[in-house]
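Load the model in your viewer and keep the selection box handy. We'll hop from one spot to the next, and at each stop I'll say what to pick and what you'll find there.

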Amino acid sequence: MYSAAFLATIPSPDQGVWHLGPIPIRAYALCIIAGIIVAIWWGERRWEARGGTKGTVLDIAVFAVPFGLVGGRLYHVITDPELYFTEGKNPWNAFAIWDGGLGIWGAVALGAVGALIACRRRGIPLPAMADAIAPGIIVAQAIGRLGNYFNQELYGAHTDLPWGLEIYQRFDPATGAPDALGGVATGHIPLPESPVHPTFLYELIWNLLIALLVVWADRKFKLGHGRAFALYVAGYTVGRCWIELMRIDTANHILGLRVNVWTSILLFIGAMAYFVVAAKRGPREAPETLRSKGDERNAVESASDDAGEKPEADEKAAEDTVDASPASAENGKSEKS
């Protein structure tokens, strides 16, 4: 009977950490890195297609990614301080980002600060950059959710649905002590609530659907001035609300609702308001406004403008020469005839 039930569910990985000698290889970290790479790659393609300078997104990421990681961790620690600063907890674990725990809203907020700094250095508008990278960001979030799968975290309540997720007890291979994060599921002993709703999978699928929505709307309506990014935020928060309500992990509540639910509601309202207001700014940004300082195309256009004045001077000098020479005048007449 257990075998039949097992086949009707989704099994969890036996472990989320492997060791290469003394070096731990963490699936969560690998998923985050993979997501960042995809976001940069896709963002570059979209930025260039809009007329922006090649390599700009990578330059922006040098600022935005570190800021975003710090912001994501800060949001997590601030909204769940009891995990690190209550009796029996180790406050230094607040810095253990490799153990999981990144709040997307903190990552986006502080990442935007880093992106703003970089955009100003480059002389390009931040809203246009946000539009270009919006689909890549939410796909990166989807990839990052796979890290939660390997960590056996952020799941929902018990379910008998065919896609229920089996979660197992994990143990330290060396000591045999329980180790939910770094241990190995020896014997596949299910946790009491197993199988559970795979809320990480629900959000992963939702994120991919929102990415498709943003790409479709951007192509059809030529969204600009940050409207594609606002659509991403609004779409993501809708899914995050109902998925958040399904989760059973420890979370702080305000007026009976999880903090992340309130955050999603407020951000949805803000994103929709921005989407409407930004439409009054007119069509999408002109391609020439997206070119970074030092772009070769800017130099070429500048040289062309200078050259446009020089031929007029040369032409005037040539006319003076023609007037001064009878032979040249005759030649001029021949050419005109």
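In which strand does valine 17 lie? Select valine 17 and you land in strand S1, residues 17-20. Before going further, some housekeeping: this is a predicted model, local features need pLDDT of at least 70, side-chain atom pairs count only at pLDDT 80 or more, and totals for chains, interfaces and linings use all residues. Residues are numbered from 1 along each chain as its sequence is written, and side-chain values use heavy atoms, with hydrogens and water left out.

**Stop 1: the hairpin**

Stay on valine 17, which is buried at a relative accessible area of 5% (buried is under 20%, exposed over 50%, partly exposed in between, with a 1.4 Å probe and protein chains only). Leaving aside neighbours within four places in sequence, valine 17 is in contact with Pro24, Ile25, Arg26, Leu181 and Gly182 (contact means heavy atoms within 4.5 Å).

Now add strand S2, residues 23-26: S1 and S2 run antiparallel and are joined by four bridges (strands pair if DSSP finds at least two bridges between them). Strands here are DSSP E runs of at least two residues, helices are H or I runs of at least four, and both are numbered from the N terminus. Pick tryptophan 18, and its bridge partner in S2 turns out to be isoleucine 25. The two strands make a hairpin with two residues between them, and glycine 21 in the turn has a positive phi of about 65 degrees.

**Stop 2: zoom out**

Show the whole chain: eleven helices and four strands. Of its 337 residues, 41% are buried. Among contacts between residues at least 6 apart in sequence, 74% join residues at least 24 apart.

**Stop 3: the nonpolar cores**

In soluble globular proteins, nonpolar side chains tend to be buried together. To see the largest nonpolar core here, select Trp105, Ile138, Val214, Phe229, Tyr232, Val233 and Tyr236, which touch the most other members of its 22 residues. Helices H5 (104-122), H6 (126-151), H7 (199-221), H8 (227-246) and H9 each supply at least two residues of this core, with the largest share, seven residues, coming from H8. Apart from it lies another core of 15 residues, among them Ile60, Ala61, Ala64 and Ala128. A core here is a set of buried Ala, Val, Leu, Ile, Met, Phe, Trp, Tyr and Cys residues joined through side-chain atoms within 4.5 Å.

Click on isoleucine 138 for a closer look: beyond its neighbours within four places in sequence, it is in contact with Asn207, Ile210, Ala211, Tyr232 and Tyr236.

**Stop 4: salt bridges**

How many salt bridges does a search of the whole structure find? Ten turn up, counting a side-chain nitrogen of Lys or Arg within 4 Å of a carboxyl oxygen of Asp or Glu.

Start with arginine 46 and aspartate 218, whose side chains meet at 2.7 Å, N to O. Arginine 46 sits in helix H2 (residues 27-49) and aspartate 218 in helix H7, so the pair ties together parts 172 residues apart in sequence. Both ends are covered: arginine 46 counts as buried at 13% relative accessibility, and aspartate 218 is buried at 3%.

Keep aspartate 218 selected and add arginine 284, which also forms a salt bridge with it (2.9 Å, N to O). Arginine 284 is in the loop between H9 and helix H10 (296-324), 66 residues from aspartate 218. At 26% relative accessibility, arginine 284 counts as partly exposed. For a network, select Arg240, Glu244, Arg247, Asp249 and Arg258, which are joined by salt bridges that share partners.

**Stop 5: loops and backbone**

Go to aspartate 80, in the loop between helix H3 (56-79) and helix H4 (82-85). Is aspartate 80 buried or exposed? With a relative accessible area of 12%, aspartate 80 is buried. Threonine 250 is 170 residues away along the chain, yet the two C-alpha atoms are separated by 8.5 Å.

Next, check omega between serine 194 and proline 195: about -5 degrees, a cis peptide bond. Proline 195 lies in the loop between H6 and H7, and leucine 154 is found in the loop between H6 and H7 too. Phi of leucine 154 is near 60 degrees, a positive value in a residue other than glycine.
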